[in-house]
Every structure is written in C-alpha cells, then in structure tokens.
Amino acid sequence: MYYNNENIPNLTKSNVRVTISDFSQGINTNVEENILPLNYARNSYNFDFNSGALKDGLGLKELTIKNATTEKTMVVPSTVQKVLRFWHFRRYDSAMKQFSPMMLIYCDDGNVYSGRLATLDTTFYDVGLSFDDEPVGINYRLNGVDSFLCCAPNEIAVYDARNDPEYFTENVPSITSAALHAGRLFVTTGGDESQLWFSDDLDPTNWNINEFDGGYIELTDERGRLKKVIEANNYLYIIREYGITRVSGWGMQDEFTTKNLYLTTGLLYHNSAVLCGNVIMMLCRDGIYRFDGSTMQKLNLGLDKYFENCENDNAVGAFLDGKYYLACRLNFDDGRTVGDESNTSFVNNALIEYDLDNGNINIMRGVDITSLTAFQTEWFSKLVVCVNNSNSNKLYELTHDGKISTTPTEKVWTTPFTDLGYPQYKKILKNMYLNTNTPITIEICADDKTHTYSVSGLRLPAKVPINLKAEKFNITFKSESNETIISNPQLEIELC
C-alpha cells in the first residue's frame, strides 16, 4: 500500500488515523483502486478539487452579452425550439468605419439568425439564410468585405450583414468541414469521404473544376475517411478516422504536398479536434490526446475507465483562455442517474475542462451539451454552450459556480474501495472529523452495504460518529448546496 508523506497512517497499538489533507491528487481510474490512497478519487464530478479542498465546480447560466455600455441577455425567436449552433461573426463595417461584430445562430427550423453585440437590442433576426442540414460556418474577407460563409451540402452562402445573402451552387461539393489555408478554402466532403477539395485561389466561392480553378486531392490509404481540416502553423492537417495527414497548399496546385503523420487502430473523434495554441487536442477512443504537428501523445489524466464502452461520435471540443473543453459521453459506472442522463435520448453527459498550462481538470456531469463555441471580444471571453434538453431554445455560457442556472449541481467525490493495506484486519470506522461550510452527505460503503450520514455546515470542524465494521470500505462526499468547501477529513479507525 503506497501513501505519500501526508497520508502515512499513524499506527499506535491498533488505532489508525487517516487524513485526506489534499484532494488535488484528482481522479485515478487507471490504477487498481485497492492500492490507491484515499486522497485520490475513484469517481468525482461537479466538484473542483484543484485547490486541495472540494469546492463548487463547473456550471452554466444563460448567456449574457457585455459591451462598453450595457449587459444584456439575447432572446431567441419564440418559433425556435432548439439552437443547434452558435458562431461569432468578426466584422468590420467599412461604411460605418467601425468594428461591428455579430452573433449568428443556426436553429432547428433550418434558419440562421443574427444578433448585434454593441447595441441595446436583445433580438435575434432572421437573416434570410436557410439550410436543410447544419452548415459549416467560417469567417472570410471576400473582395475586401468581411463576410461569413455558410457551407452546406452542394452550396455556399455568403452573408455580409449589409446585402442579401448570396448563394453559390455550381460544382460546390458536399462540404462537411472547412479551413482557410494559403488563400484557399480547403474542405472535406460527404460521400465516400476520400477527397480533400480546395477552392480557387482567393475565391472560396469558385469551385469551377471545369476551368481548373479548383481541384481535389484523393487519399485512400489505411488512415481512413477524411473527417475534418484544421489550419495550424502554415500547414493544413486532415483529421481522419484513424490518423492524421498534413498538407502544404502553398504555390500552384502541382506544388501541393501531402505527408502522412500518424496512424492508429483507435477511432479519432473528429469534432473534438481543436487547435489549442500550437497543438491540436482531440478525443480518441481510449482518451484525450495532444498532437504537436508531428507526435501524438496520450494525456495521463487518470480517466481511462470513464471512456470504456462509450461511443463518442457526438463529442465536440473548444479552446478558450488556455483550456481545452470537451463535451462527451463518459461511463461513470456508479449506478447513479444525474441530470440529463434521465433522458434516454441524451448524446453527451459530461464536460471536461483541461488546463494546458498546469494539467488541472474539472468534470461537469449531467448536462447534454451538443455545441461549444469560444466567444472572445474586446469586452469579454466566454464559452458558449448549446444543450439538448428542455432548455434547448436558450444559449448558455460556462461558469465556475457549481450551478445550472440557479440550481446547484449534485457534487460527488468517491474514494477508492480499500482495505488500507491491512487485509489481515477488520476495521472499525469510529469517527470522522472534517470542515464543511454547507450541509453535505457522507456515504460510507462498508463491504457491501452503504450507510448515509448528514452533516450540517459549521464554522468549526464537525465530528461525525460512524461506528461501522468492515474489511474494505470507501467514502463518498456529496453536496447539493452552493458555495461548498470541504477540507481536511480525518477518519479514526480501530484494527481488530
């Protein structure tokens, strides 16, 4: 049994006192739990443990828009039942000679709506764009005018917020993802998904292959279908089913080069792939990976068991303020049903926040998130969230206050199931001491039976009489309060 210096049991005669003085060790599902110290979690969600105490974790609230003069909440049209996608249209209005950024949303009625940032108006307006399938959106300066391109199967629409949208359909492929590289628009396409198409130089609306203004590259090797393109460090990276291919699209078409960089037998979930500074983060079947342009490395986050038996075709990612965000499906394997998990049609049940600088993680459980968008302006920096539940007609932003709107999340931390390194003894769990400023519940599973204890929030350390006998046990701390802080639990144990 391994203990760090802060968790060495103090064995005097037959008494043991175990202290969980630092929760920041985080979650570890990779190591057999009976050899883990109690200051690791076998399961945890909705708590932030990175400070060493258990505090409020991630949350969501309705999106508020701040500008130089006001703060407002945008109102989605009453005819909309579900917001599917949010975009930031970064726009300079040459007529007004000022920046005039906009918000665009694509909704379940097939329409695109726009809202202004720098005005008091809280309404989203129909802009005259309609698509049967969710389009790929991208900012582009076309003919000197900031425009927003909506790329859908066999058509591209250009919207500049001053003129009626213009559609282009001649020879346009069925676009599934898009990225700008070397003055061209490169796209992956539907069908057999083996071709990387590229537009005419400096004109992403021109796909007239008959005049050789655009073209395509066909890739049919063992890395599988082409799923997503990302421009980074003057290269174009193609995220494929089982690998990554790099393209250099500078110069004439006959000067383009391709290089296969990575091959795996595990599926890559392409919509989770996001450029995060100089690296690309993504989810693969067995965990989260970091790709630096040449090497793919799996992150050791201790979450491997969570990804087992999970299909994550609907996983989505985003990058904001040095953190990679991943909405996905996790297998907590604890018999609990949390939040949107009660809906049999949920696609995602968790959001992971990973700090690229220090490796800290946060996990929110119980919200079915379908879209993430980093939203940065001169006034704020926010992660915009679209959800799949009864509030799908609203836009949300990420918070760190442990609430969904005004309702506190259900927060859980569960220790490993352990014999404390004394398999030859039974353990009498006598008392627990801890600090908590809000009411919490402690669950102790002694062998095969769970016992529950309620603890009031006190300014002074609380003493909880336990009086249970077990060969192995684990402890779960639960809170459904706001502004919770749990610290320094100590457990008195007699060996017999």
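## A strand held among others

Which residue stands opposite L383 in β35? The partner is A374. Welcome to a predicted model, and to a pair of strands that makes a good way in.

A374 brings us to strand β34, residues 369-376, which is joined to β35 by 7 bridges, with the two running antiparallel. Together β34 and β35 form a hairpin, and 4 residues lie between them. β35 also has a partner in strand β36 (residues 396-399): 2 bridges join them, again antiparallel. Here V385 has Y396 of β36 as its bridge partner. How enclosed is strand β35, which covers residues 381-387? Of its 7 residues, 6 are buried, so the strand is largely enclosed by the rest of the structure.

## The nonpolar cores

If you like to begin with packing, look for the largest nonpolar core, which has 61 residues. I288, I442 and F477 are the residues with the most contacts inside this core. Strand β43 (residues 462-470) supplies the largest share of the core, with 5 residues. Another core lies apart from this one and has 18 residues, including C107, L117, F375 and V384.

What does I288 touch once its neighbours within four places in sequence are left aside? Its contacts are M281, M282, L283, Q297, K298, L299, L301, F307, Y324, L326 and I352.

## Two open sheets

Before turning to the sheets, a reminder may help. Strands of a sheet pair through backbone hydrogen bonds, in either a parallel or an antiparallel way.

One open sheet is formed by 4 strands in the order β22-β23-β24-β25, with antiparallel pairing. Its edges are β22 (226-232) and β25 (257-263), each of which pairs on one side only. From one strand to the next, the twist averages 25°. Inside this sheet, strand β23 (residues 235-240) and strand β24 (residues 243-248) pair in the antiparallel sense over 4 bridges. Across that pairing, L236 stands opposite V247 in β24.

The other open sheet has 4 strands in the order β8-β11-β12-β13, and the pairing is antiparallel here too. The edge strands are β8 (83-89) and β13 (125-130), with pairing on one side only for each. Neighbouring strands of this sheet are turned against each other by 25° on average, direction ignored. Strand β12, residues 111-116, pairs with β13 over 4 bridges in the antiparallel sense, and Y113 has D126 in β13 as its bridge partner.

## Rings and charges

How many aromatic pairs does the model hold? The count comes to 19. One of these pairs is F198 with F256, an edge-to-face arrangement with 5.0 Å from centre to centre and 70° between the planes. F198 lies in strand β20 (residues 195-198) and F256 in the loop between β24 and β25, so this pair ties together parts that are 58 residues apart in sequence. Are these two rings buried or exposed? F198 counts as buried, at 3% relative accessibility, and F256 counts as buried at 13%, because the cut-off for buried is under 20%.

Ring pairs also link F23, F49, W413 and F477 into a cluster. F477 appears again here, having been named among the residues with the most contacts inside the largest nonpolar core.

Charged side chains meet rings as well. R246 lies over the face of Y235, 4.1 Å from the ring centre. In another case, the charged end of R365 sits over the ring of Y45, at 4.6 Å from its centre.

## Two partly exposed residues

A118 sits in the loop between β12 and β13. At 47% relative accessibility, A118 counts as partly exposed. Leaving aside its neighbours within four places in sequence, A118 is in contact with N67 and W379. Its C-alpha lies 7.0 Å from that of S100, and the two residues are 18 apart in sequence.

Where does K61 lie? K61 has its place in strand β5 (residues 59-62), and its relative accessibility of 33% makes it partly exposed. K61 and T406 are 345 residues apart along the chain, yet their C-alpha atoms are separated by 7.7 Å. With neighbours within four places in sequence left aside, K61 is in contact with L395, Y396, E397, T399 and S405. Y396 closes the loop of this report: Y396 in β36 is the bridge partner of V385.

Technical notes
Residues numbered from 1 in each chain as written. Predicted model: local features only at pLDDT ≥ 70, side-chain atom pairs only at ≥ 80, totals over all residues. Heavy atoms only, no water. Core = buried A, V, L, I, M, F, W, Y, C linked by side-chain atoms within 4.5 Å. Buried < 20%, exposed > 50% of the residue type's maximum accessible area, 1.4 Å probe, protein only. Contact = heavy atoms within 4.5 Å. Pairing = 2+ DSSP bridges. Axes fitted to C-alpha atoms, helices over the stretch in contact; angles between N-to-C directions. Phe/Tyr/Trp six-rings, centres within 6.5 Å; stacked < 30°, edge-to-face > 60°. Lys NZ or Arg CZ within 6 Å of the ring centre and 35° of its normal.
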